[in-house]
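This report walks through selected features of one protein chain. Please keep the sequence and the structure in view while reading.

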Amino acid sequence: MTELVERVDGQDRVLGVVDRDDAIRRGWLHRIATTACRDELGRFLVYRRADGLSRYPRYHEVTFGGALSVGESYQAAASRELAEELGIDVPVREVVKFLCHGEIGSYWLGVHEAVITGDVSPDPEAVSWVGWLTSAELSEFVKQYRFIPDGQEALRRYLEARSASPGSAR
């Protein structure tokens, strides 16, 4: 199925609408939104991607996200992805946006955060396992399992932005 996205320039301005696979294949910039989910104790929600996914099956990840649809904001896309992948409707807040030079190409990445206070209902077609980990546990977990490199860069930028923001929760 064709997934249409907005092709953007180096300043994140829309140039046109293209197929996402074409954008990746041709190296065209487009937009991705992702969210780091934490609980009230500050633990991270970590997951393993489902076996049948076309990109990074069975890899672990600490952010939930995907491409922005045509005309969609980063925040709306982040919320939509959480609803699709975790079955939750929670507020998201953009923390940082940067031009990510990722494993399969470059794209604008809006990194958000959400605090989850209830249960999640992961979509089994996207998520095969979830667990809550402290920062220390996550550091050890990353050493033991395969994580998507782009997600690790998003997490690093997220943590840097949070620590630089006055009054941010630690």
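## Surface patch and strand β1

L4 is found in strand β1, which spans residues 4-8. The model is predicted. L4 is partly exposed, with a relative accessible area of 46%.

L4 also belongs to a nonpolar patch on the surface. Its partners there are V17 and V70. Together the three residues offer about 250 Å² of accessible area.

## H60 in strand β5

Is H60 buried or exposed? H60 is buried, because its relative accessible area is 4% and the cut-off for buried is under 20%. H60 sits in strand β5, residues 60-61.

Which residues does H60 contact, beyond its neighbours within four places in sequence? The list begins with Y47 and R48. W129 and F141 are also in contact with H60. So are Y145, R146, F147 and I148.

## The largest pocket

The largest pocket has a volume of about 1,100 Å³. Its lining counts 42 residues. Closest to the pocket centre are R20, R49, R55, G65 and G66.

Several elements each supply at least two lining residues. The helices are α1 (20-26), α2 (74-86) and α4 (149-164). The strands are β3 (31-38), β4 (44-49), β6 (63-67) and β8 (105-115). Strand β6 gives the largest share of the lining, with five residues.

## R20 and its surroundings

R20 is among the residues closest to the centre of the largest pocket. R20 lies in helix α1. At 15% relative accessibility, R20 counts as buried.

Not counting residues up to four places away in sequence, R20 touches E3, V5, H30, I32, R55 and A67. One of these contacts, R55, is also listed among the residues closest to the pocket centre. G42 is a different matter: R20 and G42 are 22 residues apart in sequence, and their C-alpha atoms are 34 Å apart in space.

R20 also forms a salt bridge with E3. The closest N and O atoms of this pair are 3.5 Å apart. R20 is in helix α1 and E3 is in the segment before β1, so the salt bridge ties together parts that are 17 residues apart in sequence. The E3 end is partly exposed, at 34% relative accessibility.

## Other salt bridges

Side chains of opposite charge can pair when their charged atoms come close. How many salt bridges are counted in this model? The count comes to 17.

R13 and D9 meet in one salt bridge, with 2.8 Å from N to O. R13 is partly exposed, at 49% relative accessibility. D9 is buried, at 15%.

R80 pairs with E84, and their closest N and O atoms are 3.3 Å apart. Why are R80 and E84 separated by about one helical turn? Because R80 and E84 are four residues apart in helix α2, about one helical turn lies between them. R80 is partly exposed, with a relative accessible area of 21%. E84 is also partly exposed, with a relative accessible area of 44%. Helix α2 is also one of the elements that supply at least two residues of the pocket lining.

Salt bridges also link residues into a network. Its members are E6, D12, R31 and K97.

Definitions and conventions. Residues numbered from 1 in each chain as written. Predicted model: local features only at pLDDT ≥ 70, side-chain atom pairs only at ≥ 80, totals over all residues. Heavy atoms only, no water. Patch = residues over 30% accessible without salt bridge, like charges linked within 9 Å, V, L, I, M, F, W, Y side chains within 5 Å. Areas by Shrake-Rupley, 256 points an atom, 1.4 Å probe, with all protein chains shown as cover. Salt bridge = Lys/Arg side-chain N within 4 Å of Asp/Glu carboxyl O. Buried < 20%, exposed > 50% of the residue type's maximum accessible area, 1.4 Å probe, protein only. Contact = heavy atoms within 4.5 Å. 1 Å grid on protein atoms, 1.4 Å probe; cavity = no way out; pocket = protein on both sides within 12 Å on 5 of 7 lines; lining within 4 Å. Points joined across faces, edges and corners; volume = space filled by probe spheres on them.
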